[in-house]
Amino acid sequence: MSGFGRGQINYNFRKAVRLFFYGAMAVFGVAALTSILNMMLLISALVVYVNTDVRYIDGGDIMEALTLTENGYVLSEEMAQEFEKEDQWAMLLDEDGRVIWSIRKPEELKEEYSRSEIARMSKWYLQGYPVRMRVWDDRIMVVGMQKDVMWKYTMEFSLPWMEFFKRTILVFFFINFVWIVVLAFAFARRFTKNRERARIEWIAGISHDIRTPLSMVMGYADTLEQDEGLPEETRQQAAVIRHQSVVMKDLISDLNLTSQLEYSMQALRKEKVRPAEIIRGVAVSFLNDSIPELLEIDVEIDEKGEQTVVRADRQLLVRVFRNLINNSVKHGGQTEVVKIKISLRQEKRKCYIRFQDNGMGYSEEVLRRLQGRKKENAAENIRGLEIVRKIILAHGGKIWFGNCKEGGSYCVMKLRLALGSVWNSDMF
Amino acid sequence: MNLYDCKILLVDDEKALREMVCGFLRRAGFYDVTMAGNCKEAERMFYEKEPQLILLDVMLPDGDGFSLFKKWRQASEVPVIFLSARDEDENRLRGLGLGADDYITKPFLPEELILRVTAVLKRVYRVKNVQEEEIIALGKCRVDLGSGVVHWDSDIEDRTDGEVTLTAKEYAILQKLAQERGRIVTIDALCDAVWQEENYGYENTLVVHIRRLREKIEEDPSHPQYLLTVRGLGYRLV
């Protein structure tokens, strides 16, 4: 069951479109979910930030609240309360690094700081205390918090990098988006493929299980039919059972083939075949098994058509013509002669096969369905034609059904020629 | 060797089916049929009975027919016809290139089974069916397929020689047509019978051979009575 037939791109096109549609929906779904999730994360981050944010009391505000008196600096009552409330501290250093004023300063801190110490605290911590500095003329206001309440890190980026970042951030987001799209698409594809495979295997299993019991129904019905010791009526009934079990057999194999072609699981066993030979073979097998007065098959193949070689699954191609002829015979009426004309020609490196009969033609509904426009279960009477269509499409070919003006129906198939398929016709 | 003396081994896990097929074979005249229901039994029977034809189910309870077949093929050239209930097996079979002699998909009609069994036996052991005719009568001439000689009734005026010998190609064509007497044989099938492999491109040559053949077997070669052309398809011997 493994292995997918190649060269089924045409056939898979519609399916690919459908799959793309599903994929797009999935992408939208994922994108929507992602953005909702992102939004929620952002909002919660904001809420956490707002609720837990600790801000340094502004150095400038402190300076303004500070007045120089004879007894040194005095802070306004309001600002002092602010310090209490925020659990922060501050100190003012003069140009030599001496503390000339302070409020709530931790006791472990010194009264004088060297230049190197000031440089260090401007960037990192002061003995574990997070601090922020504000330069006021020749003085420096140091505002600090308690230990372990603030994370601090100084970041620096080279200018070219920042330029690069500014330029690429959009691309980066775009790549991100594409990545999400691809991922979602892959998942959707995988999902549908698995489901298809399960379905095909299920159908294959069922048809297998039906076949063995049906063998016995068919075999014994045939035995009874042949038994001359039985009354004529019983033998007739046995004949009906046998005939109907043959119908069931065909149904099962149609069902299996349809499901495999539908999901392109049938690994096409392609080889070089001459359609001319296949057409003749099928036509002859029908002519040999039917009453000559009821069936006429006219095969018309010119010299170039004779040389035509395509790469195809021989069995399936035989199936195509069997089904077409069967269909014409079935709907051709019991009294009139069924006249079938099959012609093969080669044009512009394509093989065209035209099949025509003298029946009553296809109904509007059947035509619509054969053109694949109407999506519904194939009615019993056109299952064979559906298979024809699927086989041709699976071979990367094209097929048209229609009614002739003079009555009867036609079907035109177009197949690609096999590469290097020009046979040497001068060999004799 | 008589066709119906051939020993047949039938391997299938379904007892009812086994018995039915065995019944078909017996009724058709094959009296020496042995049955086996699994790989183990089949192997024992294979060495014990040394069958001349094996009908082998692909799916067996203790293994699969393909590997059993491969094993047997190493030791013996005995013809094998596979029985299977899956279309997919056919692909696998052809893909494996095992060289099985034929393949039957379930369900099948007794007639089909017997036909294939007989065809394989005839091909492999080159045994002649009892009823098979050696002489084909075509109006006033008789063709002896044993010797490839055409005998004419003595009362035909313009056939003074009375006896004409067929060439190898003419013989092959006539033999094929005689096998399917009354039925149409396609050009392709005829070319296949005469030139075997790589037979494309011989259609025109075939026409030449058919004309010569007509000169030998038809009273009036330009208005053939027996070897008829079916336009666009092939020929038919009536």
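# Exercises on a predicted two-chain model

An open sheet of three strands in chain B follows the order β12-β14-β13, with antiparallel pairing. Strands pair if DSSP finds at least two bridges between them. Strands (E, at least two residues) and helices (H or I, at least four residues) are DSSP runs numbered from the N terminus.

This is a predicted model, in which local features need pLDDT of at least 70, side-chain atom pairs count only at pLDDT 80 or more, and totals for chains, interfaces and linings use all residues. Residues are numbered from 1 along each chain as its sequence is written, while chains are lettered from A and ligands numbered from 1 in the order in which they are written.

## Exercise 1: the sheet

Task: Find which strands of the sheet stand at the edges.

Solution:
- Start from the order β12-β14-β13 of chain B.
- β12 and β13 (227-230) of chain B each have a single partner strand, so they stand at the edges and one side of each lacks a neighbour in the sheet.
- From one strand to the next, the twist averages 30 degrees. Angles run from 0 to 180 degrees between N-to-C directions, and axes are lines fitted to C-alpha atoms, for helices over the stretch in contact.
- Now look at one pair: β13(B) and β14 (residues 234-237) of chain B run antiparallel and are joined by four bridges.
- In β14(B), B:Tyr235 is the bridge partner of B:Thr229.
- Helix α7 (residues 275-288) of chain A packs on the sheet, touching β12 and β14 of chain B, and its direction makes about 175 degrees with that of β12(B).
- α7(B) also packs on the sheet and touches β12 and β14 of chain B, but its direction makes about 70 degrees with that of β12(B).

## Exercise 2: helix pairs in chain A

Task: Describe how α6(A) packs with α5(A) and how α6(A) crosses α11(A).

Solution:
- Two packed helices are described by the angle between their axes and the distance between the axes.
- Helix α5 (residues 159-226) of chain A packs with α6(A) at an angle of about 160 degrees, and their axes are 9 Å apart.
- α5(A) is therefore roughly antiparallel to α6(A); the cut-offs are under 35 degrees for roughly parallel, over 145 for roughly antiparallel, 65 to 115 for roughly perpendicular, and oblique for the rest.
- Next, the axes of α6 (residues 232-262) and α11 (residues 383-394) of chain A come within 10 Å and cross at roughly 35 degrees.
- α6(A) passes α11(A) in a left-handed crossing, a term for a near helix turned anticlockwise from the far one by less than a right angle (right-handed if clockwise).
- The residues that meet include A:Asp254 and A:Leu257 in α6(A), and A:Arg383 and A:Glu386 in α11(A). Contact requires C-beta atoms, placed from the backbone, within 7 Å.

## Exercise 3: where the chains touch

Task: Work out how many residues of chain B are in contact with chain A, and of what class.

Solution:
- Contact involves 29 residues of chain B and 35 residues of chain A.
- Among the elements of chain B giving two or more residues to this side are α1 (15-28) and α8 (203-217).
- By class, the chain B side has 14 nonpolar, seven polar and eight charged residues. Ala, Val, Leu, Ile, Met, Phe, Trp, Tyr, Cys and Pro count as nonpolar, Asp, Glu, Lys and Arg as charged, and the others, Gly among them, as polar.

## Exercise 4: confidence

Task: Find where pLDDT stays under 50 in chain A.

Solution:
- pLDDT is the predictor's confidence in each residue, from 0 to 100.
- Chain A has a mean pLDDT of 82, and 91% of its residues reach 70 or more.
- pLDDT stays under 50 over residues 1-9 of chain A and over residues 423-428 of chain A.
- Where pLDDT is low, the predicted coordinates should not be read in detail.

Technical notes
Contact = placed C-beta atoms within 7 Å.
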